[in-house]
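Hi everyone, thanks for making the time. Please have a look at the chain on the screen, and then I'll walk you through it.

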Amino acid sequence: MEIHYFFSDIKGLKQAEVANQLHVSLPTVKSQIQRARKMVAQGFKDCCGFVENDKGVLIGEIQEKKDCKICN
């Protein structure tokens, strides 16, 4: 799942390109990317106290913590 997110959100590939390169269906890629995005957002909420605004955008500041797997 993380590889789909990496290619799409980090490398900037279109979801259809990710599906073609990985030989996976487009609906599978879309659902896995959405799931990965939620996991990343939840990590920032749990660790750093980020919150979502009215539009669903995360708001907050990264808090450097030694034991945090998200911030470090």
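Let me start with a question: is Leu22 buried, partly exposed or exposed? Before you guess, please keep in mind that this is a predicted model. Leu22 has a relative accessible area of 28%, so it counts as partly exposed. Leu22 belongs to helix H2. Setting aside residues up to four places away in sequence, Leu22 touches Ile3, His4 and Phe7. Compare that with Gly12: Leu22 and Gly12 are ten residues apart in sequence, and their C-alpha atoms lie 15 Å apart in space.

Now let me step back to the whole chain. There are three helices and two strands in its secondary structure, and along the sequence they come in the order α-α-α-β-β. How big is the chain along its principal axes? The C-alpha trace spans about 40 × 30 × 15 Å. The radius of gyration is 14 Å, whereas a compact globule of 72 residues would have one near 11 Å. Of those 72 residues, 25% count as buried. If you take the contacts with a separation of 6 or more, 27% of them come from residues 24 or more positions apart.

A word on the surface, for those of you who think about buffers and columns. The chain exposes about 5400 Å², and 52% of that is supplied by carbon and sulfur atoms. As for charge, the chain carries 11 positive and 9 negative charges, and the mean positions of the two sets are 5 Å apart.

Next, the helices, starting with H1. Which residues of H1 are buried? They are His4, Tyr5, Phe7 and Ser8, and these buried residues pack against H2 and H3. You'll remember His4 and Phe7 from a moment ago, as both are touched by Leu22 of the second helix.

I'd like to linger on Ser8, which sits in helix H1. Its relative accessibility is 9%, and since anything under 20% is called buried, Ser8 counts as buried. And what is Ser8 in contact with, once neighbours within four places in sequence are left aside? The partners are Leu13, Gln15, Val18, Ile33 and Arg37. Just after H1 comes Gly12, with a positive phi of about 85°.

Moving along, we reach the loop between H2 and H3, and that is where His23 is placed. His23 is not a glycine, yet its phi is positive, at about 55°. Is His23 buried or exposed? Its relative accessible area is 74%, so His23 is exposed.

That brings us to H3, which runs over residues 26-48. Here is a nice little check you can do on paper. H3 has 23 residues, and at 1.5 Å a residue the helix should span 33 Å; its end C-alpha atoms are indeed 33 Å apart, so the two agree.

Which residues of H3 are buried? The list is Val29, Gln32, Ile33, Ala36, Ala41, Gly43, Phe44, Cys47 and Cys48. When you look at the spacing in a list like that, it helps to recall that an α-helix has 3.6 residues a turn, so residues three or four places apart point the same way. The cover over the buried residues of H3 includes helix H1 (2-10), helix H2 (15-22) and strand S2 (58-59). And Ile33, from that buried list, is one of the contacts of Ser8 that I mentioned.

For contrast, take Asp46, also in helix H3. Its relative accessibility is 59%, so Asp46 counts as exposed. Asp46 and Cys68 are 22 residues apart in sequence, with their C-alpha atoms 9.8 Å apart in space. After H3 comes Gly49, whose phi is positive, near 75°.

Gly49 leads me to my last residue, Ile59, which is found in strand S2. Ile59 and Gly49 are ten residues apart in sequence, and 9.0 Å apart from C-alpha to C-alpha. What does Ile59 touch, not counting residues up to four places away in sequence? It touches Phe50, Val51 and Asn53. With a relative accessible area of 43%, Ile59 is partly exposed.

That's my tour. Thanks for listening, and do stop me afterwards if you'd like to go over any part again.

Methods: Residues are numbered from 1 along each chain as its sequence is written. This is a predicted model: local features need pLDDT of at least 70, side-chain atom pairs count only at pLDDT 80 or more; totals for chains, interfaces and linings use all residues. Side-chain values use heavy atoms; hydrogens and water are left out. Helices (H or I, at least four residues) and strands (E, at least two) are DSSP runs, numbered from the N terminus. The radius of gyration is taken over C-alpha atoms; the globule rule is 2.2 Å times the number of residues to the power 0.38. Buried means under 20% relative accessible area, exposed over 50%, partly exposed in between (1.4 Å probe, protein chains only). Contact means heavy atoms within 4.5 Å. Accessible areas come from the Shrake-Rupley method with a 1.4 Å probe; for residues, only the protein chains shown count as cover. Lys and Arg count as positive and Asp and Glu as negative; His and the chain ends are not counted. The place of a charge is taken as NZ of Lys, CZ of Arg, CG of Asp or CD of Glu. The expected span of a helix is 1.5 Å times one less than its number of residues.
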